[in-house]
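Q: Hi, could you walk me through this one? I'd like to go from the overall layout down to the odd spots.

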Number of protein chains: 2
Amino acid sequence: MKRVCTRQFRNLTRLRSFGEVREKISRSINHVCLSRRSLHGSACRLGELELTSVRYPHVQRGKYATLTEKDVDFFQKLLPQRVLQDPSELDGYNIDWMRTVRGNSQMVLRPKTTSEVAEILKYCNERHLAVVPQGGNTGLVGGSVPVFDEIVISTQLMNQIISLDEVSGIVVCQSGCILETLDNYLAERELMMPLDLGAKGSCHIGGNVSTNAGGLRLLRYGSLHGSVLGVEAVLASGEIVDCLSSLRKDNTGYDLKQLFIGSEGTLGMVTSVSILCPRRPKAVNVAFLGVENFEAALQTFQLCKGMLAEILSACEFMDQESMQCIQENLKLTNPIKSYPLYILIETSGSHGSHDEEKLNAFLEAAMGKGIVQDGTIAMDVTQRQNIWGLRERIAEGLLHDGYNYKYDISLPLPKLYEIVEDMRQRLGSKVTRVVSYGHLGDGNLHFNVTTPEYNKEVLGLIEPYIYEWTSQVRGSVSAEHGLGFKKRDCIRYSKEPNAVKMMVKMKKLFDPNGILNPYKTIPL
Amino acid sequence: MKRVCTRQFRNLTRLRSFGEVREKISRSINHVCLSRRSLHGSACRLGELELTSVRYPHVQRGKYATLTEKDVDFFQKLLPQRVLQDPSELDGYNIDWMRTVRGNSQMVLRPKTTSEVAEILKYCNERHLAVVPQGGNTGLVGGSVPVFDEIVISTQLMNQIISLDEVSGIVVCQSGCILETLDNYLAERELMMPLDLGAKGSCHIGGNVSTNAGGLRLLRYGSLHGSVLGVEAVLASGEIVDCLSSLRKDNTGYDLKQLFIGSEGTLGMVTSVSILCPRRPKAVNVAFLGVENFEAALQTFQLCKGMLAEILSACEFMDQESMQCIQENLKLTNPIKSYPLYILIETSGSHGSHDEEKLNAFLEAAMGKGIVQDGTIAMDVTQRQNIWGLRERIAEGLLHDGYNYKYDISLPLPKLYEIVEDMRQRLGSKVTRVVSYGHLGDGNLHFNVTTPEYNKEVLGLIEPYIYEWTSQVRGSVSAEHGLGFKKRDCIRYSKEPNAVKMMVKMKKLFDPNGILNPYKTIPL
């Protein structure tokens, strides 16, 4: 392999790659697509989607009470003008973003304060009324919409930033703050949110915490179990558990807040959070690389981990089928030639020229060794957003095919792409596409299959095969999306019986009447 | 203030500061001092220390069974040659490293496997025999030694490294592995443990996880809640909960492992852990700086956080009284002139000259602004160890005074030193010293008072005053040491009643007979 110096690489970039990029893919466009408002706008299509109770007939409604006039009166007095009951308004709260599940809730409550949430839950618990807490409703496993007629408690109006300590970088806010809004607020103070994901323009921080969202920069800033310093949550009983510490260290008793991180609103409803925010980097670089096979992708990851070290902030991958999907469905353009796999590398640092020197040395080494075949480096903010758009908009592109079978698995790195090739062979021409992309640095694969419409036979070919495959190599059947409604019964593929038994016991301890987000997360 | 360029600063260092350092303070010496072996060696002194049951007469023994011949037979058959009963051997397991509490256990068990631990606990649970899990016994709150006659289950022989994935940097090992041993093993593979603390030569990783140890580099690598990927633990019932995932992401159900992190062995005994290890830095720099007051210390922290950013790996402080303590009691030498406060800054990066450039720019700015008055930079590994020794050996130095009242609190940064000055005034000449040091970057103060011997009047002057003070500013009465036996009743100063109530319920759920490390962590 001919040694290609970085200068050439960069010139190549300028001359060939970005000249072709015509789309103005801005993140904001992406976010509008991801927001629930887009669902509201497309209400005319909603009638087509069958109810969850019809599509999943084996799931039985729990023995909960049903809403009476008296209940409605209570809530209307508690939350004047903040109780939604108009069917046209309810659709957006009953249907998930992917349009795969549809609940039949008759009422949405929009509290503004923790004590209002406490009043609601106390009442519902006494009345045995089931509820589903809902943030931005951008979840991918049906965890944030009702299954039957659960009352939706939306955090839409709980959007206050409570405090920011600029020295230590600790922000305290209500759970309904939108991730992007928080990040913009912090940007003005040279700080940033420690997580970022495609849905940032719609998702609520309370939902992020409740689902332990991972996202694009977990590689650098770690999981929410590390960066969330405090949580205030309301239990099913209406009791408020205030663990809203804004201290970096606190070892007094059990770390209860951890229980609310990732339990999908089944143990309590998160009302406020306290988060440790890193300094905003002064310099950001993004490179988009083409490689011949997954082995080369892994070598690229190892090389950049060593050479970019403390400035590496993302290492993402997508396959050619992902690229085809966004080219065909969203009319985006590949800035480089076609390769079986693409890698997106981002650096974030405090010193532009140091970072550039490190990145150049890495690219020179990667191309010199023949690991990376081609690539492009973003020269400005717009180009950075364009490259990120390629990766972030795949989820949106897939929806255009019709029905999307979505899997989010963790696997040992050497196995990460084997399952994709295996499934491609297994499904053959029965499906529109088999697409994979994800967080290479985290061993997290987003595996997707599409068909024109929901197809039981295809589903039967994918499941439980994919779960068994994952289980055999001790992977996780849900890396970051959670289990929600759709993956609840898959827990045993990644957790052994004693662990599940303890979870069931904890659910019963925290929510004896089972009113909090029933039919989700834990098989009871 | 005259602007002092970094070159001058460095020359100053070479000429004046390090010329005076004569001690060869190696970490290994430090660790021998901190290890339990040193307690074994000083057995002649042990007779002096009164039993915990005598010193704390208000604590009543629980209604547990007492050891019979039949029990001893059972354990000797289960663990041939691994049951200790000789009183001379038991002392080191009954007494804490600080010599402040003394249990009266008659038996130490030394299992090698998880299934042996399961057998032990199943038996003890059925017989209502209380146990205390013990790692390196380097804890500072009496959490790892018996209060009465609890059976000690030591992890000393559970010291196997199970696996290492060098690409993802994930190590899986038994809980009795010594932190330093693990770090040395990883060093050969260009990796490192994500935590470091003074006791690293003796402490066990299982103990670190069980106490959610913080240490010297939490600022950079975050808390164990983020870097521990998996835990295997044995419940009181003897059931094994295997959450020993070695995946970076796994959102299947509740994150049970979090419960064992920091619960001090009261919910289960940690038998194996899986930990995400960062790359070992290629370049490390350490600077030791003198500042005039705490305001300047905070300004230094803010400045280095901005200018050193991604390469900052520690920001520690110690006051002049700490320096006096190690000078008088350990004959260490201050490498710079006397200042009211000293700051230790460490950088860890992948590119020596980049890091040095950043550090020099920071020092130039700090001295130019008149924030930092004087300082020294370590020029080699020995000098680095010497500087770290100044900070790490304060705990050891304090023991030479006699009795050490030890506090480990988190406070909002602006309040961090106010409490020290307040207490110094309050205690006056009744005590030998009032010393403070800690993790400036984490808002974590180690506050210490010494007297020639245990003195109830002095204790009464410190407590509950210090806890009330901390509580008023929403600080934590235990930042990283845990509550153990000595701080258990202080939980209410940092946690509100609903949270404590939930903890009590969880304790009862996990350990209905209360056999696991009783009298610790949670007030029942």
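Q: Let's start small: where is B:Pro464 found?
A: B:Pro464 is in the loop between helix 20 (456–462) and helix 21 (465–472) of chain B. Helices here are DSSP runs of H or I with at least four residues, strands are runs of E with at least two, and both are numbered from the N terminus. This is a predicted model, in which local features need pLDDT of at least 70, side-chain atom pairs count only at pLDDT 80 or more, and totals for chains, interfaces and linings use all residues. Residues are numbered from 1 along each chain as its sequence is written, chains are lettered from A and ligands numbered from 1 in the order written, and side-chain values use heavy atoms, leaving out hydrogens and water.

Q: And is the peptide bond from B:Glu463 to B:Pro464 cis or trans?
A: That bond is cis, with omega near 0 degrees. In chain A, the bond from A:Glu463 to A:Pro464 is cis with omega near 0 degrees, and A:Pro464 is found in the loop between helix 20 and helix 21 of chain A.

Q: Which residue other than glycine has a positive phi?
A: B:Asn517 does, with phi near 45 degrees. B:Asn517 is in the segment after helix 22 (497–510) of chain B. For background, most residues other than glycine have a negative phi, and most peptide bonds are trans.

Q: Changing topic, how many residues touch between chain A and chain B?
A: There are 86 residues of chain A in contact with 86 residues of chain B, contact meaning heavy atoms within 4.5 Å. The buried area is about 7,000 Å², with carbon and sulfur atoms giving 56%. Buried area is the accessible area (1.4 Å probe) that two parts lose on being put together, summed over both. On the chain A side, A:Lys249, A:Asn251 and A:Tyr254 supply 15% of the area buried against chain B, more than any other three residues.

Q: How many salt bridges cross the interface of chain A and chain B?
A: The rule finds 10, counting a side-chain nitrogen of Lys or Arg within 4 Å of a carboxyl oxygen of Asp or Glu. B:Lys249 and A:Asp442 meet in a salt bridge, at 3.2 Å from N to O. Polar contacts between the two chains come to 56 residue pairs, with both residues at pLDDT 80 or more. A polar contact is a pair of N or O atoms within 3.5 Å; within protein, one must be able to donate a hydrogen and the other to accept it, and residues adjacent in sequence count only if both atoms are side-chain atoms.

Q: Which helix of chain A gives the most to the side that touches chain B?
A: Helix 22 of chain A does, with 10 residues.

Q: What about inside chain A, how is it divided into domains?
A: The assignment gives domain 1 (66–154), domain 2 (161–276) and domain 3 (283–473), with bounds from an automatic or database domain assignment. The C-alpha centres of domain 1 and domain 3 of chain A lie 37 Å apart. Four residues of domain 1 are in contact with six of domain 3, and about 440 Å² is buried between them, 84% of it from carbon and sulfur atoms.

Q: How many salt bridges does the rule find between domain 1 and domain 3 of chain A?
A: Zero, and the count of residue pairs in polar contact there is zero too.
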